[in-house]
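Me: I'd like to learn how to read a model like this one. Can we go through it feature by feature?

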Amino acid sequence: MPVSLKSDEEIASMRVAGRLAAEVLDYVGGHVRAGVTTGRLNDLCHDYMVNVQGTVPAPLNYAPPGYKPFPKSVCTSVNHQVCHGIPGERTLKPGDILNIDVTVIKDGYHGDSSRMYFVGEPSIQARRLVEVTYECMWRGIAQVRPGAHLGDLGAAIQQCAEHNGYSVVREFCGHGIGRKFHEEPQVLHYGRQGTGMALEPGMTFTIEPMINAGKAAIRELADGWTIVTKDHSLSAQWEHTVLVTATGFEVMTQSAGTQPPPAIVP
Ligand code: MF3
Ligand code: CO
Ligand code: CO
């Protein structure tokens with residue numbers, strides 16, 4: 001399947017879906033605190049999506065080939081969990097770092113975004129990992145323009161991570177998005193400048209680097225979903241859905257609570 005280029009009408013729908021995903025992240029951020037369970041955060045997101053927004057939580061029962069259906073409406077990944085954490089009975093405690101990954105479907109189109117949250121005060125090391133990972137995502141986003149290659153994004157992200165002493169998770173990548181949750185192309189978070197597919201206006205994809213404080217190696221838990229660092233080092237991830245425009249990029253997953261880009265981005 002080739003990469004789909006979105007029409008102006010489709011782009012308008014994607015903007016709505018993207019904003020709604022970001023608004024779930026705004027909303028749930030007000031509920032992240034010590035003592036709350038990840039299951040409770042899931043339920044708050046689910047009810048907000050279904051009852052307030054009229055969106056469909058894309059993760060719920062999502063079952064790519066080889067996976068059992070994902071049982072919840074968002075992913076919650078704590079500390080050394082890299083991604084795809086299943087919300088449940090775990091109670092957040094002061095110093096935890098948490099990724100919440102939200103994907104909504106609105107009028108047939110997907111919006112996919114994740115953010116990091118601090119529970120109370122993080123350690124200096126945890127704060128630095130979260131901030132550097134945000135910079136890594138933005139270094140990737142800043143490469144997006146017609147004619148750029150996917151390898152340019154990957155190289156920028158990898159360089160940012162490794163210059164800071166961190167490593168990039170290889171097994172999971174960003175992805176095209178639209179009517180389908182995961183479409184082509186695959187957007188690797190490592191690579192070499194000038195390699196890979198050339199970008200064209202109308203492409204929509206996510207950039208969602210997973211950065212480990214220690215080694216890159218991961219393993220999957222017995223629940224069939226949760227990914228953790230093999231060395232138990234902390235891991236962080238941020239995700240935006242972006243559009244390739246005639247002159248550069250547009251971030252589609254924006255809301256009132258979206259953090260501004262870091263100072264390095266022109
Ligand atoms: N939202 C994740 C992504 O960014 C995918 C989660 S799949 C799920 O691609 F089934 F775990 F929800
Ligand atoms: Co996501
Ligand atoms: Co994604």
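Me: Let's start with the metal: is the site of the cobalt ion (ligand 2) regular or irregular?

Reply: Some ground rules come before that. This is a predicted model, where local features need pLDDT of at least 70 and side-chain atom pairs count only at pLDDT 80 or more, while totals for chains, interfaces and linings use all residues. Residues are numbered from 1 along each chain as its sequence is written, chains are lettered from A and ligands numbered from 1 in the order in which they are written, and side-chain values use heavy atoms, with hydrogens and water left out.

Now the geometry. Four donors are called tetrahedral if all angles lie between 85 and 135 degrees; four are square planar and six octahedral if opposite donors are over 155 degrees apart and all others between 65 and 115; anything else is irregular. Here the site of the cobalt ion (ligand 2) is irregular, with angles of 58 to 165° among its six donor atoms.

Me: And which residues coordinate the cobalt ion (ligand 2)?

Reply: Donors are N, O and S atoms within 2.8 Å of the metal (3.2 Å for Na, K and Ca), and water is not among the atoms, so sites may look incomplete. For the cobalt ion (ligand 2), Asp101 appears twice through OD, joined by Asp112 (OD) and Glu239 (OE), at 2.1 to 2.4 Å. Along the chain, the spacing of these donors reads D-x10-D-x126-E. Asp101 sits in strand 4 (residues 97-106) and Glu239 in the loop between strand 13 (235-237) and strand 14 (240-244), so this pair ties together parts that are 138 residues apart in sequence. Strands (E, at least two residues) and helices (H or I, at least four) are DSSP runs, numbered from the N terminus.

Me: What are the protein donors of the cobalt ion (ligand 3)?

Reply: They are Asp112 (OD), His175 (NE2), Glu208 (OE) and Glu239 (OE), lying 2.0 to 2.2 Å from the ion. The site of the cobalt ion (ligand 3) is irregular too, with angles of 51 to 161° among its six donor atoms. Asp112 bridges the cobalt ion (ligand 2) and the cobalt ion (ligand 3), which lie 3.3 Å apart. In sequence, the donor residues of the cobalt ion (ligand 3) follow D-x62-H-x32-E-x30-E. Asp112 belongs to strand 5 and Glu208 to the loop between strand 9 (204-207) and strand 10 (210-212), so they tie together parts that are 96 residues apart in sequence.

Me: Is Glu239 buried or exposed?

Reply: Buried means under 20% relative accessible area, exposed over 50%, and partly exposed in between (1.4 Å probe, protein chains only). Glu239 is buried, at 1%. Asp101 is buried as well, and so are Asp112 and Glu208.

Me: How many cavities of 30 Å³ or more are there?

Reply: Rolling a probe the size of a water molecule over the atoms shows where empty space is left. On a 1 Å grid over the protein atoms alone, a cavity is a set of points where a 1.4 Å probe fits but cannot get out, and lining residues have an atom within 4 Å of a point. Grid points are joined across faces, edges and corners, and a volume is the space filled by probe spheres set on the points. The count comes to one cavity, with a volume of about 60 Å³. Among its lining residues are Tyr134, Trp238 and Glu239. Strand 5 gives the largest share of the lining, three residues.

Note on methods: 1 Å grid on protein atoms, 1.4 Å probe; cavity = no way out; pocket = protein on both sides within 12 Å on 5 of 7 lines; lining within 4 Å.
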